[in-house]
There are 2 protein chains.
Amino acid sequence: MEQAIQSTKFKNETHKAGLNILYTAWWLKTSFSQALKEYGLTHEQYNVLRILKGKHPEQMCVRDIACRMIEKSSNVPRIVDRLEIKKLVKRSVSSFDKRETMIQLTAAGLLLLEVTTKKADELFDIQLCVTDEEAKLLNELLEKLRQKEV
Amino acid sequence: MEQAIQSTKFKNETHKAGLNILYTAWWLKTSFSQALKEYGLTHEQYNVLRILKGKHPEQMCVRDIACRMIEKSSNVPRIVDRLEIKKLVKRSVSSFDKRETMIQLTAAGLLLLEVTTKKADELFDIQLCVTDEEAKLLNELLEKLRQKEV
DNA sequence: TTAATTTAGATGTATATACATGTATTGGTA
DNA sequence: TACCAATACATGTATATACATCTAAATTAA
């Protein structure tokens, strides 16, 4: 990381860990986006599809999708716009509550997701060079680090 | 994290770690941006100022700034545009190589950076709840995780 | 039942990200 | 020297992020 951001002096190890997390996330997101590119999907579009898959063939409202996104400030209606243009999802007004827009995967969306999920999972397995045990420790450390979460 | 993204089942610990890193980075970036907001700076604008500080009072060319950014795909000329409008940096053509644009902190930029750096460092110290030892371990794990870096 | 408040999501704006292209300058090569 | 490739950066485009505002529908209160 020192090499990546051309910096060797950090205030302390915690400060360095903060930058390291930001850098690692960027690195991971970049490889991920790269892998999805040949399918014409962005990282965020993939995430929405993946979330929809969790309930498929049931529909989900925009709000439910949003609260499952990793980046909470994602603008889900706009991401859905793009998926709808590509016929990967279908919008409909909820009959239960007319304010809600229900989103459902199309057959094309489901198919594309299956292929890309395989690719994405492979990427995670190949790219992330930690053992199961180390990953567990990493998860614990990250949870502890974020304990002041609001 | 499971609560944050409403998901409890992951393919394996490594997969979970990947999402955990992405989520933690988002969380960190958000608190960071929040803290900078009252100074009218974005996260990225702050980063450029901080990088310039490292060489101050010397100037730096756009390329040198870019390769020190955490997010390598940052569009530095555009970020500099915004800093220049706010009179926090000054652009000039390099006399050494007329293709290069040299960037230098102004007195206002230096002052603002000093105040915001204090805030940012405080945030890191308060927000990141790990000991020095844990941070060290976290750094090692992240470096290992990224060993397939290109 | 009407009015006020809340909620869902669409839409607008500024900035950033990711990447492609354009322009000027430089350095290498015939 | 003249030409060509490479480099530095500016600029254009599509999408995303972060946040504000708007509209319609539902809920609550008067």
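Trainee: What makes up chain A in terms of helices and strands?
Mentor: Chain A has six helices and three strands. Along the sequence, they follow the pattern α-α-β-α-α-β-β-α-α.

Trainee: What makes a stretch count as a helix or a strand here?
Mentor: Both are DSSP runs, numbered from the N terminus: a helix is H or I over at least four residues, and a strand is E over at least two. Before we go on, this is a predicted model, where local features need pLDDT of at least 70 and side-chain atom pairs count only at pLDDT 80 or more, while totals for chains, interfaces and linings use all residues. Residues are numbered from 1 along each chain as its sequence is written, chains are lettered from A and ligands numbered from 1 in the order in which they are written, and side-chain values use heavy atoms, with hydrogens and water left out.

Trainee: What are the overall dimensions of chain A?
Mentor: Its C-alpha trace spans about 55 × 35 × 30 Å along the principal axes. Buried residues make up 49% of the 150 residues in chain A.

Trainee: And what makes a residue "buried"?
Mentor: Its relative accessible area has to be under 20%; over 50% is exposed, and in between is partly exposed (1.4 Å probe, protein chains only).

Trainee: How do you know that α6(A) has the span expected of a helix?
Mentor: The expected span is 1.5 Å times one less than the number of residues. For the 14 residues of α6 (132-145) in chain A that gives 20 Å, and the end C-alpha atoms are 20 Å apart, so the two agree. Helix α5 (107-127) of chain A passes too: 21 residues reach 30 Å, close to the 30 Å expected.

Trainee: Why can the buried residues of α6(A) be said to share a side?
Mentor: The list is A:Glu134, A:Ala135, A:Leu138, A:Asn139, A:Leu141, A:Leu142 and A:Leu145. They cover an arc of only 165° around the axis, so they sit on the same side of α6(A). That arc is taken from the directions from the helix axis to the C-beta atoms. As background, an α-helix has 3.6 residues a turn, so residues three or four places apart point the same way.

Trainee: What covers those buried residues?
Mentor: The cover includes α1 (13-37) of chain A along with α1 (13-37), α5 (107-127) and α6 (132-145) of chain B. Contact here means heavy atoms within 4.5 Å. For α5(A), the buried residues include A:Leu112, A:Leu113 and A:Phe124. Their cover includes α1, α2 and β3 (101-105) of chain A, plus α1 and α6 of chain B.

Trainee: What makes the pairing of B:Glu134 and A:Lys144 a polar contact?
Mentor: The rule wants a pair of N or O atoms within 3.5 Å; within protein, one must be able to donate a hydrogen and the other to accept it, and residues adjacent in sequence count only if both atoms are side-chain atoms. The two side chains meet at 3.0 Å, so they fall inside that cut-off. B:Glu134, in helix α6 of chain B, also reaches the backbone nitrogen of B:Thr131 with its side chain, at 2.9 Å.

Trainee: Which residues count as near DNA strand C?
Mentor: "Near" asks for a heavy atom within 4 Å of the strand. There are 25 residues around DNA strand C, and A:Arg63, A:Arg78, A:Thr101, B:Thr42 and B:Ser73 come nearest. α1(A) gives the most to that surface, with three residues.

Trainee: What classes do those residues fall into?
Mentor: Four are nonpolar, eight polar and 13 charged. Ala, Val, Leu, Ile, Met, Phe, Trp, Tyr, Cys and Pro count as nonpolar, Asp, Glu, Lys and Arg as charged, and the others, Gly among them, as polar.

Trainee: Which parts of DNA strand C does the protein meet?
Mentor: Of its atoms within 4 Å of the protein, 75% belong to sugar or phosphate and the rest to bases. On the base side, a polar side-chain atom of A:Arg99 lies 2.9 Å from a base oxygen, and one of B:Arg99 lies 3.3 Å from a base oxygen.

Trainee: What polar atoms lie by the phosphates of DNA strand D?
Mentor: A side-chain atom of B:Gln34 is 3.4 Å from a phosphate oxygen. Backbone atoms do this as well: B:Val62 at 3.2 Å and B:Thr101 at 3.0 Å.
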